[in-house]
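Here are some short exercises to work through with the structure open beside you. Try each task before reading its solution.

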Amino acid sequence: MTVRAAEFVILRIGAGAWVVLVFACSAIPDDREESKTRDSEELRQTTQLIQAELPRWKVAMGAEAAELKLDPKPILRWTNPATGRMHGEIYVWAADGRPEAVMSLYKVWEPTWGFAGEFQSLSLTKLVAERNQSGAWRSDEPGITFRDVPDAPATGETAPRRLRQMRAMADDFTAVLMDYRQNSKGERQALRLLTTAVYRYSSPASDVADGAMFAFVIGTDVEVFLLLEARGAKNANRWQYALGRLNSDELAAFWKEQEVWRVGKATYNERNKPYVFMSLPE
């Protein structure tokens, strides 16, 4: 065989191998496309479950059981790929503009935990919640405690200025979770602060000139809420903060490395505490 003939044979073999490779690759299903389709369908079904669940709930506040107003739009849609395949949405109940309770509704597709909900009181008085006109949760104690923000500036005169102040103050806080979902001995996880407030509000009736809720998350799944409020009478308000949980495991928060808040592991289905988590029928 001449050198030129040998070169021709090699080229023919190479071309054939390329055709086989292209054909083989085209025959392999696109796992990413299949995963995207599955996630889209799971999100659609989760949204349907949540929209069917919301009208079943009624939340009231105080000794007179004044009904709270549900904001029909979620303040956050979230996932947590580190834990599993899940989709959720977070809603707020408010009185005179101020958030008094927050609920996360979600479905965990893998592992198959099913449909569930979490409540956290953000109120300074008691709350009572009904599902399908039957008692489902009550908290006779305040859900959060406000404290002065250390080294806080005087409250800004304009809303944009106050928002910048709240963002700067939020950066001084950190939070951690002792996660028992994957490790029975607990795994300490530093939580990520979302840079944008998830909810902004004011409530003259509650002497709140301005306020915002910030979130510490895994993925986009909220584990701790940080509330910052300019509280007090007009022209005499000062910056205060409070923290609320949205996870049943042990949590802690720090201001410039100084611990300022800690909660222990919550008990499943305990319906008389400021925080509760429960399974829900689909």
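Before starting, keep in mind that this is a predicted model.

**Exercise 1. Which strands stand at the edges of the sheet E2-E1-E8-E9, and what does that leave each of them without?**

Step 1. Lay out the sheet: it is open, has four strands in the order E2-E1-E8-E9, and its pairing is antiparallel.

Step 2. Look at the two ends of that order. Strand E2 (66–67) and strand E9 (134–139) each have a single partner strand, so one side of each has no neighbour in the sheet.

Step 3. Now turn to the pair E1 and E8. Strand E1 (residues 57–61) runs antiparallel to strand E8 (residues 127–131), and five bridges join them. To find your place in this pair, start at Lys58, which stands opposite Glu130 in E8.

**Exercise 2. Describe the sheet that contains E18 and E19, and find the bridge partner of Leu251.**

Step 1. Write down the order. Four strands make up this open sheet, E12-E11-E18-E19, with antiparallel pairing.

Step 2. Mark the edges: strand E12 (187–190) and strand E19 (258–263) pair on one side only. From one strand to the next, the twist averages 20 degrees.

Step 3. Follow E19 to its partner. Strand E18 (residues 250–255) pairs with E19 in the antiparallel sense over five bridges. Leu251 has Val263 in E19 as its bridge partner.

**Exercise 3. Trace the salt bridges of Arg85, and say how exposed the residues are.**

Step 1. Recall the principle: side chains of opposite charge can pair when their charged atoms come close.

Step 2. Take the partner Glu42. The side chains of Glu42 and Arg85 form a salt bridge with an N to O distance of 2.6 Å. Glu42 belongs to helix H2 (residues 31–53) and Arg85 to strand E5 (residues 85–95), so the bridge links distant parts of the chain, 43 residues apart.

Step 3. Take the partner Glu110. Here the closest N and O atoms of Arg85 and Glu110 are 2.1 Å apart. Because Arg85 lies in strand E5 and Glu110 in strand E6 (residues 98–110), this pair ties together parts that are 25 residues apart in sequence.

Step 4. Classify the residues. Glu42 has a relative accessible area of 6% and is therefore buried, the cut-off being under 20%. Arg85, at 22%, counts as partly exposed, and Glu110 is partly exposed too, at 44%.

**Exercise 4. Is each residue of the salt bridge between Arg77 and Glu89 buried or exposed?**

Step 1. Confirm the contact: the two side chains, Arg77 and Glu89, meet in a salt bridge at 3.2 Å, N to O.

Step 2. Place the residues. Arg77 is in strand E4 (residues 76–78) and Glu89 in strand E5, so the pair ties together parts twelve residues apart in sequence.

Step 3. Read the accessibilities. Arg77 has 57% and counts as exposed, whereas Glu89 has 3% and counts as buried.

**Exercise 5. What does the side chain of Arg98 contact?**

Step 1. Locate Arg98: this residue is in strand E6, and it is buried, with a relative accessible area of 3%.

Step 2. List contacts. A polar atom of the Arg98 side chain lies 3.0 Å from the backbone oxygen of Leu122. The Arg98 side chain also makes a polar contact with the side chain of Glu229, at 3.0 Å.

Step 3. Widen the view. Arg98, Glu100, Glu229 and Arg231 are joined into one network by salt bridges that share partners.

Key
Residues numbered from 1 in each chain as written. Predicted model: local features only at pLDDT ≥ 70, side-chain atom pairs only at ≥ 80, totals over all residues. Heavy atoms only, no water. Pairing = 2+ DSSP bridges. Helix = DSSP H or I, 4+ residues; strand = E, 2+ residues; numbered from the N terminus. Axes fitted to C-alpha atoms, helices over the stretch in contact; angles between N-to-C directions. Salt bridge = Lys/Arg side-chain N within 4 Å of Asp/Glu carboxyl O. Buried < 20%, exposed > 50% of the residue type's maximum accessible area, 1.4 Å probe, protein only. Polar contact = N/O pair within 3.5 Å; in protein donor to acceptor, adjacent residues only side chain to side chain.
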